[in-house]
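User: I'd like to get better at reading salt bridges in a model. Could you walk me through some?

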Amino acid sequence: MNKRRVVITGLGMATSLGLQVEENWQKALAGVSGISKLTYPGAGKSPVQAAGAVKEADWNKIQTEFPEDAKIEGERRTLFALWAAKEALHDAKIISGPLQNPPSPPFVKVGNKICPPLKKGETGGFFVNTRYGVAFAAGLGINRLEDIQRWVGNNKKFDYQKFGKEYRDVHNESLIKNNSNRPAALIAKKFGLNGFNTTITTACASSSQAIGVAFRAIRRGDADLIAAGGADSMINPVGLVFFVLLGAANTSSDNPEEVCRPFDRKRGGLVMGEGAGVVVLEEESHALKRGAKIYAEVAGYGTTMDAYQVTAPHPKGEGAEKAMRAALSDANTQPEEIDYINAHGTSTKLNDSAETLAIKNVFKGHANNLCVNSTKSVIGHLLAGSGGPEFVFTALSVNRNEIHPTLNLKTPDPKCDLDYVPDVKRSKVVRAAISNSFGFGGQNASLVIKKYNI
Amino acid sequence: MKDKVVITGFGLVSSLGPNASETWDALLSGKSGAAQVPELNPAELGIHPRDARIMDKHAHMLLKSSQDSFRHSRLDTSSIPKDDIGFFAGMGMVDYNIDDLLPAVVKSLDAHGSLDYDAFYSGAFQEIYPLWPLSMLNNISFCQAAINLGIKGESAVFSPHADSGAQAIMEGLNTIIEKKAQAVLAGGVSEKSSPLSLARASLSGILNTSSENNPPLKKGAAGGFFDEPLCRPFGGNRTGTILGEGCGVVTLELLSSAKKRQVPYFAAITGYASAFGKSDEYNCPASAAISNAMEQALIKAGLAPSDIDLIIAHGDGTRMGDANEIEAIHHTFSDCINKVNVFSSKGALGHMLAGAPAVDIILGTYILENGIIPAVHNSLPPDKNIRFNLVNKGPLKTTIKRIVVNSFSYEGQCASLIIEALD
């Protein structure tokens, strides 16, 4: 069976490094860190003091771009998502300038019956296309302590009566706007992507799974174009202690730029970032017909479950190994064709050694020829959103034959003995690459990106 | 001939019963399920005491339904490698139990009762159980079920509304078609009804809060909410939905695999599609998107609207959601509108959100097998605009071969699935 091919035609990002893909890329290549001292209001005593927060000026710029949404959306991730989607769709030239002039929705032939479009202009005059879709990832919404504080009764217990009477006044922002499918819905509505629409929530594997699910949907013919990726922000009080409670956060008080050190012997836990990464995936002939620029081809996707423990990855990286194998097999690609791996590389004790072992088990002798880096060393861990920017960087490496360095890798760990591209970027022909994401609970996702050859 | 994807097992938990057959019998008898699902016993489900504290009712329901489907399809005794069994689920928003965070908040209050963040960060946060964060990630409940069954194949968690349960089934279906797994478990689970989940539904405007003027909690506990309001799918007097608790999981595999394994099969899933379009004014999908999902699913199944005997509608009893679904059904099925029957389970079971599609599909297999469509609870008098045959006066005996199952998100996502009887 001749499978439809899927290519990458648009990239968009919002991270601590900036709001333009090119700016992100150049800074990452130059070894500029997006991680800095936490400036979240009132968090001076937070056990976590380093984070890859989106810069204030950039946040203001995003709010200016989407003024109506900025007024009503309570979640930063939603605006990051809109920004990155807008950038990616512009880059792919699916939208340009103000959105207008919708082509008529297609007439649909069902059996022998022709179904005309139900209502003209129902989407408010925007571009509408039912062959275009959205696959997006979002993590936890914000859980506001103020919401709970308000319901503490005189006996220091939760006062249900008070809650019942007053919930309408305070919960509007938290409870409605934190729906995990809200970013996918807003992107679809704003940009007229009225076909396939799905939201994935598999913790830190979410974005890579969203991209994988989108890839498969296009390949089998359920859509011609999908904006895929993810967004997250957990830089808020409950978010800041979230990974501290689990023992996975970096609580060092050293120079914030230097505490995220994936694959280093002194690595001490993950550093949170925030932002979004969105890519436009498109069926090859659809892209060629409209003269789109093609960054690379998505060749394969594989996902597995550890079925081991919810608190730790499999110590030998068994699930991770199988995910990479599954992705290679799905891509019909030999391990020797891979030149680069954008690792999950969280800077936690458990992940980095297990992931290294998994890579060695898949690639055997070829493992030493691979470049492996961690984007998290640069922009922090975007959690549910992490697979988005990491996929963008992987696509650029395949497209441009350059690999950004892993920052802060100073002290070698005997258990992490691959070429992690420390400190300085690498120029190298990248025929094909893998982007890895592994979620808490033991869900693993790998994507294979290849140079696009006709 | 193209190999079909068939259902070879299922597990269902609802307020009408802890399994599919009890739920079906209760549904036919007209019994109301406007109540919460009783707490399940973690020990009976084989949950390790270590994990019990981070597993809430939604996790229990997902685990039980998955175990039941696994056994029902005889995967427990099959030779299918665990690497070759996939798992896909739609899951709702995870709300914290207020009592999980309350001690940390209380300890962070200053003398005036205001939140002191210095106190919170300096130590009060440690009042939170260290593994509490895991209970907030809905994929953790999912992974606990995978661990329990030892399955290691392809997987994904979709969220949070009804469409996500259908997305899980679609992804499972395609995983089988593309031979990425020999069998998959696919389905979805509702949220656990809690003050926060009720408040969310109420604020989104989908909830029936008519009988009490507004607060979703009268008695101080979530259960109190179910006392009076009714969900009236497609009823003329409908005023909103009620939340239901429950879960459905089905086992999918190729017909050839089922035959080879000599296990019974119940129906084929032959069509699916998802589409997006949000009503400009209300929290529900636009009718065009609903039509689009149904039409694309028909095309995928190679069927004409007149081939469909029954639509198990999303029918959540909301004013505009049902109005748009009525309009969409009239549009897509205009050639055969007098013939097509429509049923919604939400009058009896409430709105299980991500749990609804798999539950509806399992009920669909009973409808195919028994040739009986249960009546839509509380739907009299029906909406005056309806031109299709809403099954509302009592169970309808008729031959049913093909069913469309609809599910929507109130953010605008729509999904349709088609199941067919096998000869």
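Analyst: Let's go through the salt bridges here, keeping in mind that this is a predicted model.

User: How many salt bridges does the structure hold over all chains?

Analyst: Counting over all chains, there are 54.

User: Say I pick Arg426(A) and Asp419(A). What is the N to O distance in their salt bridge?

Analyst: Their side chains meet with N to O at 2.7 Å. Next, check the accessibility of each partner. Partly exposed covers what falls between the 20% and 50% cut-offs, so Arg426(A) gets that label at 27% relative accessibility. Asp419(A) is partly exposed too, because its value is 23%.

User: And on chain B, which residue does Arg50(B) pair with?

Analyst: Arg50(B) bridges to Asp51(B), with 3.3 Å between the closest N and O atoms. Asp51(B) counts as buried, because its relative accessibility is 17%, and buried means under 20%.

User: What about Lys278(B) and Glu411(B): are they buried or exposed?

Analyst: Both Lys278(B) and Glu411(B) are buried. They form a salt bridge whose closest N and O atoms are 4.0 Å apart. Now look at where they sit: Lys278(B) is in the loop between strand E6 and helix H11 of chain B, and Glu411(B) is in the loop between strand E12 and strand E13, so the pair ties together parts 133 residues apart in sequence.

User: Which residues are linked in a network of salt bridges?

Analyst: That network includes Arg216(A), Arg219(A), Arg220(A), Asp222(A) and Asp330(A) from chain A. From chain B, it takes in Glu154(B), Glu171(B), Glu178(B), Lys180(B) and Lys300(B).

Methods: Residues numbered from 1 in each chain as written. Chains lettered and ligands numbered in written order. Predicted model: local features only at pLDDT ≥ 70, side-chain atom pairs only at ≥ 80, totals over all residues. Heavy atoms only, no water. Buried < 20%, exposed > 50% of the residue type's maximum accessible area, 1.4 Å probe, protein only. Helix = DSSP H or I, 4+ residues; strand = E, 2+ residues; numbered from the N terminus.
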